[in-house]
Amino acid sequence: MKLATIKHGLATEAAMIDEEAGLAFPLGIDMTTLIMLGQMPEPTSRGLPLSSVAILAPIPLPARNIFCVGKNYRAHAQEFTRSGFDSSAKSEAETIPEAPIIFTKVPQSVIASGEPILYPRGLSDKIDYEAELAVVIGVGGRGIDRSDAYDHVFGYTIVNDVTARDLQSLHKQWLIGKSLDSFCPMGPWLVTADEVDVANLGIRCWVNDELRQDANTADLIFDIPILIETLSAGITLQPGDIIATGTPAGVGLGFDPPRFLRPGDRVTVEIDGLGRLVNDVR
Ligand code: MG
């Protein structure tokens with residue numbers, strides 16, 4: 001099932017999306033409450049034409065930071081270390097992490113598909129894209145074993161982990177370079193876990209019409225069960241928590257010379273079964 005957060009008139013609420021029919025069925029509650037509810041409520045009205053509503057990010061303002069995973073595809077880890085921007089690895093031997101690298105993005109960096117990525121003129125001119133599969137936690141928990149991890153997943157969405165490479169490198173910790181306003185495009189909607197085989201999804205990213213990233217989630221170094229086990233070992237995961245699982249090779253810094261985003265560029269991220277996340281740089 002596809003679930004979106006929609007805005008129509010004065011109302012902002014979760015809705016079931018029937019893409020084929022072009023309709024949104026409002027559910028009368030927000031997405032995080034829906035996730036906590038553990039069952040699907042009846043729609044509160046007849047379907048609204050998708051053309052008559054605004055689709056926001058599925059969780060427009062997460063309750064806490066978005067958990068993100070660094071260097072979780074082998075070929076990307078290699079291109080990142082080679083680029084010289086990687087403050088976490090100075091040698092080839094350190095390229096593939098021994099344990100998941102976890103950082104976060106602030107909740108206020110989230111924007112919807114169709115909203116602009118704001119070019120931080122005067123602050124950074126090394127803005128990069130990162131196509132990522134994102135996990136949305138359903139039932140929370142602490143000390144979740146990897147064998148039970150999928151019981152805690154509500155669904156999946158797409159995140160573009162937009163990054164200012166120079167700030168990422170300068171500040172060693174990645175939060176500033178990853179959390180500038182508008183640097184977390186998310187959506188277009190959330191797809192419930194029963195609808196996709198998450199261990200085998202094509203993931204692609206275009207800048208304008210050029211395909212830059214083309215990979216499969218089967219190639220994750222640390223898979224979703226390991227990520228959930230790692231995070232929940234000492235941090236209680238909560239309903240609505242979001243984990244962006246890392247990006248494959250083909251980001252701008254992987255090119256020689258690097259090919260960073262410029263105002264006017266359009267970034268499109270597509271994952272099989274999850275839709276397309278499209279954002280222009282402005
Ligand atoms: Mg990333």
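A residue is called buried when its relative accessible area is under 20%, exposed when that area is over 50%, and partly exposed in between. These words are used throughout this report on a predicted model.

## The chain as a whole

The chain contains five helices and 18 strands. A compact globule of 282 residues would have a radius of gyration near 19 Å, and the chain, with 18 Å, agrees with this. Along the principal axes, the C-alpha atoms fill a box of roughly 55 × 45 × 30 Å. Of the 282 residues, 52% count as buried. The accessible surface of the chain is about 12000 Å², and carbon and sulfur atoms account for 51% of that surface. Many contacts link distant parts of the sequence: among contacts between residues at least 6 apart, 72% join residues at least 24 apart.

## Helix H5

Helix H5 runs over residues 224–232 and is mostly covered, with seven of its nine residues buried. Those buried residues are Ile-224, Pro-225, Ile-226, Leu-227, Ile-228, Leu-231 and Ser-232. What covers them? The cover includes the strands S6 (66–70), S7 (101–105), S10 (131–137), S11 (153–160) and S16 (242–244). At the N-terminal end of H5, Asp-223 acts as a cap, with a side-chain oxygen 3.1 Å from the backbone nitrogen of Ile-226.

## Thr-245 and Asn-72

Thr-245 sits in the loop between S16 and strand S17 (266–271). Is Thr-245 buried or exposed? Its relative accessible area is 0%, so Thr-245 is buried. The residues that Thr-245 touches include two from H5, Ile-224 and Leu-227. Other contacts of Thr-245 are Val-69, Asn-72, Glu-132, Leu-133, Val-135 and Leu-220, where residues up to four places away in sequence are not counted. A polar atom of the Thr-245 side chain lies 2.7 Å from the backbone oxygen of Leu-133.

Asn-72 is placed in the loop between S6 and helix H2 (74–83). Asn-72 counts as buried because its relative accessibility is 0%. The side chain of Asn-72 reaches two backbone atoms: the nitrogen of Phe-222 at 2.7 Å and the oxygen of Thr-245 at 2.9 Å. Beyond four places in sequence, Asn-72 touches Asp-219, Leu-220, Ile-221, Phe-222, Leu-227, Thr-245 and Gly-246.

## The magnesium ion

Which residues coordinate the magnesium ion? The donors are Glu-130 (OE), Glu-132 (OE) and Asp-161 (OD), at 1.9 to 2.1 Å. Along the chain, these donors follow the spacing E-x1-E-x28-D. Glu-130 and Glu-132 are both buried. Glu-132 is also one of the residues touched by Thr-245.

## Cysteines

How many disulfides does the structure hold? There are zero. A disulfide is a covalent bond between the sulfur atoms of two cysteines. The sulfur of Cys-68 has its closest cysteine sulfur, that of Cys-184, at 6.4 Å, so the pair is too far apart for a bond. For a pair to count as a disulfide, the sulfur atoms must be within 2.5 Å. Cys-205 also has its closest cysteine sulfur in Cys-184, but at 14 Å, which is too far for a bond. Cys-68 is buried, with a relative accessible area of 0%, and Cys-205 is buried with a value of 0%.

## Two partly exposed residues

His-8 belongs to strand S1 (residues 2–8). With a relative accessibility of 22%, His-8 counts as partly exposed. A polar contact of 2.7 Å joins the side chains of His-8 and Glu-13. His-8 touches Glu-13, Pro-26, Leu-48 and Val-53, leaving aside residues up to four places away. Pro-26 is 18 residues from His-8 along the chain, and their C-alpha atoms are separated by 9.7 Å.

Gly-140 lies in the loop between S10 and S11. Its relative accessibility of 24% makes Gly-140 partly exposed. Gly-140 touches His-152, Leu-237, Gln-238 and Pro-239, again without residues up to four places away. Gly-140 and Pro-43 are 97 residues apart in sequence, and their C-alpha atoms are 25 Å apart in space.

## Polar contacts in one view

The table collects the side-chain contacts described above.

| Side chain | Partner | Distance |
|---|---|---|
| Asp-223 | Ile-226, backbone nitrogen | 3.1 Å |
| Thr-245 | Leu-133, backbone oxygen | 2.7 Å |
| Asn-72 | Phe-222, backbone nitrogen | 2.7 Å |
| Asn-72 | Thr-245, backbone oxygen | 2.9 Å |
| His-8 | Glu-13, side chain | 2.7 Å |

Conventions: Residues are numbered from 1 along each chain as its sequence is written. This is a predicted model: local features need pLDDT of at least 70, side-chain atom pairs count only at pLDDT 80 or more; totals for chains, interfaces and linings use all residues. Side-chain values use heavy atoms; hydrogens and water are left out. Buried means under 20% relative accessible area, exposed over 50%, partly exposed in between (1.4 Å probe, protein chains only). Helices (H or I, at least four residues) and strands (E, at least two) are DSSP runs, numbered from the N terminus. Contact means heavy atoms within 4.5 Å. A polar contact is a pair of N or O atoms within 3.5 Å; within protein, one must be able to donate a hydrogen and the other to accept it, and residues adjacent in sequence count only if both atoms are side-chain atoms. Donors are N, O and S atoms within 2.8 Å of the metal (3.2 Å for Na, K and Ca); water is not among the atoms, so sites may look incomplete. The radius of gyration is taken over C-alpha atoms; the globule rule is 2.2 Å times the number of residues to the power 0.38. Accessible areas come from the Shrake-Rupley method with a 1.4 Å probe; for residues, only the protein chains shown count as cover.
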